[in-house]
Amino acid sequence: MVKALVFDVGETLIDETRIWSRWADRLGVTRFTMLGVLGGMAALGRSFEEAFQVLRPGFEVEAEQEAWRREDPEGLRVNFDADDLYPDVRPGLAALRGLGYELIIAGNQPPQAYDALAAMDLPVDSIHTSDGWGVAKPEPGFFAKVVAVSGREPGEILYVGDRLDNDVLPARAAGMRAALIRRGPWGHLHALRPEAAEADLVVDDFPALVAALS
């Protein structure tokens, strides 16, 4: 029986449209181009970081982020805030908590993401980031951390994310259950792959997740 739900962040809880739109503006390409290339990377099974090299060969992401921070220290830049939260997340989490589940957020995120998520005052038991743990998905060590912070047996944990490679498959390999949420380019494309059958659930949104677990 599932007793704890653990949630990925990007395109599970957070709509990343504004983040990638700001990147498009920064790179001087249209937003359609930026989002289209990201979709291409998802379709090809390549990382989102490679989108920068398609658009700007030789582009150094970290150096550009640092320059951007100096130019716009108070701006969101590559970060998110409560306006980026998918609208079904807060009521969905509240409904899941009402059903008695332990709720944890744990995703591949930089250190500032913790503060952004904490400021949203979501109805969850704890928040964790890969940067804070010093290990990132899909490494087994990340999912070992998930088990440790939950205090549950792996089979009592359902990991919810939008990707097979980072979320569903490594969670299953760690002995957890897994749900694939069809959000964002990776979520929609990965739901079409044969490996999606490895997921215990494939859902379109939080209302569907709540319904499946009620």
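This is a short tutorial dialogue on reading a few features of a predicted model.

User: Let's start with empty space. What is the volume of the largest pocket?

Analyst: The general idea first: rolling a probe the size of a water molecule over the atoms shows where empty space is left. In this predicted model, the largest pocket comes out at about 1,300 Å³. It is lined by 43 residues, and those closest to its centre are Glu16, Trp20, Phe48, Asn108 and Gln109.

User: Which elements give two or more residues to that lining?

Analyst: They are helices 1, 2, 3, 4, 6, 7, 9 and 10. Helix 6 (111–119) gives the largest share, five residues.

User: And how many of the lining residues are nonpolar, polar or charged?

Analyst: The lining has 20 nonpolar residues, eleven polar ones and twelve charged ones.

User: Okay, now cores. Which residues of the largest nonpolar core touch the most other members?

Analyst: In soluble globular proteins, nonpolar side chains tend to be buried together. Here the largest nonpolar core has 48 residues, and Leu5, Phe7, Met34, Leu96 and Leu209 touch the most other members. Another core lies apart from that one, with 20 residues, including Val6, Ile104, Val135 and Ala171.

User: Can we zoom in on one of them? What does Leu209 touch, leaving out residues up to four places away in sequence?

Analyst: With those left out, Leu209 touches Leu5, Phe7, Leu96, Leu158, Val160, Leu201 and Val203. Leu5, Phe7 and Leu96 are also named among the core members that touch the most others.

User: Next, backbone angles. Which residues have a positive phi without being glycine?

Analyst: The background is that most residues other than glycine have a negative phi, and most peptide bonds are trans. Take Glu11, where phi is near 65°. You'll find Glu11 in the loop between strand 1 (4–7) and helix 1. Another case is Arg77, with a phi of about 55°, in the loop between helix 4 and helix 5 (89–98).

User: Are those two buried or exposed?

Analyst: Glu11 is buried because its relative accessible area is 8%, under the 20% cut-off. Arg77 has 13%, so Arg77 counts as buried too.

User: You mentioned peptide bonds. Where is there a cis one?

Analyst: Look at the bond from Lys137 to Pro138, which is cis, with omega near 5°. Both Lys137 and Pro138 sit in the loop between helix 7 and helix 8.

User: What surrounds Lys137?

Analyst: Not counting residues up to four places away in sequence, Lys137 touches Asp8, Gly107, Asn108, Phe142, Phe143, Tyr159, Asn166 and Asp167. With Tyr159 there is also a polar contact between the two side chains, at 3.0 Å. Lys137 is buried, since its relative accessible area is 6%.

User: One last residue: how do I read Leu189?

Analyst: Start with its place, which is helix 10. Leu189 counts as partly exposed because its relative accessibility is 30%, between the 20% and 50% cut-offs. Not counting residues up to four places away in sequence, Leu189 touches Gly39, Ala42 and Ala43.

User: How far apart are Leu189 and Gly75?

Analyst: You can answer in two ways, along the chain or through space. Leu189 and Gly75 are 114 residues apart in sequence, and their C-alpha atoms are 32 Å apart in space.

Conventions
Residues numbered from 1 in each chain as written. Predicted model: local features only at pLDDT ≥ 70, side-chain atom pairs only at ≥ 80, totals over all residues. Heavy atoms only, no water. 1 Å grid on protein atoms, 1.4 Å probe; cavity = no way out; pocket = protein on both sides within 12 Å on 5 of 7 lines; lining within 4 Å. Points joined across faces, edges and corners; volume = space filled by probe spheres on them. Helix = DSSP H or I, 4+ residues; strand = E, 2+ residues; numbered from the N terminus. Nonpolar A, V, L, I, M, F, W, Y, C, P; charged D, E, K, R; others polar. Buried < 20%, exposed > 50% of the residue type's maximum accessible area, 1.4 Å probe, protein only. Polar contact = N/O pair within 3.5 Å; in protein donor to acceptor, adjacent residues only side chain to side chain. Contact = heavy atoms within 4.5 Å. Core = buried A, V, L, I, M, F, W, Y, C linked by side-chain atoms within 4.5 Å.
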